[in-house]
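Visitor: I should like to take a close look at a single part of this structure. Could you please guide me through one helix and its surroundings, step by step?

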Amino acid sequence: MSDKKYIIAPSILASDFAKLGEEVRDVLDAGADWIHFDVMDNHYVPNLTIGPMVCKALRNYGIKEFIDVHLMIDPVDELAQSFIEAGADLISFHPEASKHIHRSIHAIKDKGCKAGLVYNPATPLHTLESVLEDLDLVLIMSVNPGFGGQSFIHGSIEKIAQVRKMIDALGKDIRLEVDGGINKDTIALASEAGADTFVAGSAIFNTENYEQTISELRSKIV
Ligand code: DX5
Ligand code: ZN
C-alpha cells in the first residue's frame, strides 16, 4: 500500500486545534508520513472530536498527503461515506461498532478508499480471520480509545505479534498499525513485535521541535 517500510502518523488529537491547518503542514514538513485523524462520537467512546467537514477543510487548505481516519463511532457506515467524500485515504473502524463488518469494509473499498479494522486491548481477534484478506491495514490499540496522552498497555505487544504472524502467513501487503502511548521507548517494543505503522499524538505535538522528535522516533524502530 505504501512503498515506505515504516510509517509515522502523528495524531492531530494532540495538536493545537486553533491552528490545525498550520499544525498539519508543519508536522508533515517535519517528516511525518501520514496524518492520523481521530473521530470520536461521545457514544462509542466517551469523548467528542472532529468530523468530515474538518477533513475537507484540511484538503481545502492544501493538505495532499495521506489522511488515515480512525473512526471511534457507532454506527460506522454513513459517516464512513462522508469521510470518503471529504478526502480520506484510509478509513478504519472498530468491528464491534458495525453489525456487518464485511459489508462496511466493502462499502469503503468500493469507493476507492482503503479500509482497516481496529482492535481494542480487550477485543478478541476472531473477526479478523474471515476478513483479513480484504483489509489494507490492521490497527492494534495500545490504550483504550477515547483520549490522547494515556500510558501504553503492554499486553498489546502480544496482540501485535499475533497479527504479524497472520499477515505474514497470508502474504499480502497489509499494514500493521499501533496507536496509543507511543513514544521513544514503546515504539521500539511495538516495532520489535511486528508493527510497521506508528501513531503518536502527545509524543510529537507536545514537543517544540517536530522534526527532531520524528527523527528520534524513527531511529528507535528496530
Ligand atoms: C486514542 C486515539 C489515539 C491518540 C493517541 O483514542 O485513537 O490516536 O490520539 O495519542 P497518544 O499518542 O497521546 O497516546
Ligand atoms: Zn487513533
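Guide: What follows is a description of helix H7, set within the chain as a whole.

The model is a predicted one. The chain holds 9 helices and 8 strands. Its radius of gyration is 16 Å, close to the 17 Å that the globule rule gives for 222 residues, so the chain is as compact as a globular protein of that length. Along its principal axes, the C-alpha trace spans about 45 × 35 × 35 Å. Of the 222 residues, 54% are buried. Among contacts with a separation of 6 or more, 65% join residues 24 or more positions apart.

Helix H7 covers residues 186-193. This helix is mostly covered, with 6 of its 8 residues buried. The buried residues are Thr-186, Ile-187, Ala-188, Ala-190, Ser-191 and Ala-193. What do they pack against? Their partners are strand S1 (7-10), helix H6 (156-170), strand S7 (175-179), strand S8 (197-200) and helix H9 (210-219).

Two residues of the helix deserve individual attention. Thr-186 lies in H7 and has a relative accessible area of 6%. Because this value is under the 20% cut-off, Thr-186 counts as buried. Apart from neighbours within four places in sequence, Thr-186 is in contact with Phe-152 and Gly-181. The contact with Gly-181 can be described further: the side chain of Thr-186 reaches the backbone oxygen of Gly-181 at 2.8 Å. Ile-153 is 33 residues away from Thr-186 along the chain, and the C-alpha atoms of the two are separated by 9.7 Å.

Ser-191 also belongs to helix H7. Its relative accessible area is 7%, so by the cut-off of 20% Ser-191 is likewise buried. The side chain of Ser-191 reaches the backbone oxygen of Ala-188 at 3.0 Å, and Ala-188 is itself one of the buried residues of H7. In an α-helix there are 3.6 residues a turn, so residues three or four places apart point the same way.

Which residues does Ser-191 touch beyond its neighbours within four places in sequence? They are Phe-198, Lys-220, Ile-221 and Val-222. Of these, Ile-221 is 30 residues from Ser-191 in sequence, while the distance between their C-alpha atoms is 5.8 Å. Phe-198 falls in strand S8 (197-200), one of the elements against which the buried residues of H7 pack.

The helix is followed by Gly-194, whose phi is positive, near 125°. A positive phi also occurs elsewhere in the chain, at Asn-42, where the value is near 55° and the residue is not a glycine. Most residues other than glycine have a negative phi, and most peptide bonds are trans. Asn-42 is found in the loop between strand S2 (34-40) and helix H2 (52-61). With a relative accessibility of 54%, Asn-42 counts as exposed, whereas Ser-191 is buried. The peptide bond from Asp-74 to Pro-75 is cis, with omega near 5°, and Pro-75 is found in the loop between strand S3 (66-72) and helix H3 (77-85).

To return to the helix itself, H7 is mostly covered, and both Thr-186 and Ser-191 are buried within the chain.

Methods. Residues are numbered from 1 along each chain as its sequence is written. Chains are lettered from A and ligands numbered from 1 in the order in which they are written. This is a predicted model: local features need pLDDT of at least 70, side-chain atom pairs count only at pLDDT 80 or more; totals for chains, interfaces and linings use all residues. Side-chain values use heavy atoms; hydrogens and water are left out. Helices (H or I, at least four residues) and strands (E, at least two) are DSSP runs, numbered from the N terminus. Buried means under 20% relative accessible area, exposed over 50%, partly exposed in between (1.4 Å probe, protein chains only). Contact means heavy atoms within 4.5 Å. A polar contact is a pair of N or O atoms within 3.5 Å; within protein, one must be able to donate a hydrogen and the other to accept it, and residues adjacent in sequence count only if both atoms are side-chain atoms. The radius of gyration is taken over C-alpha atoms; the globule rule is 2.2 Å times the number of residues to the power 0.38.
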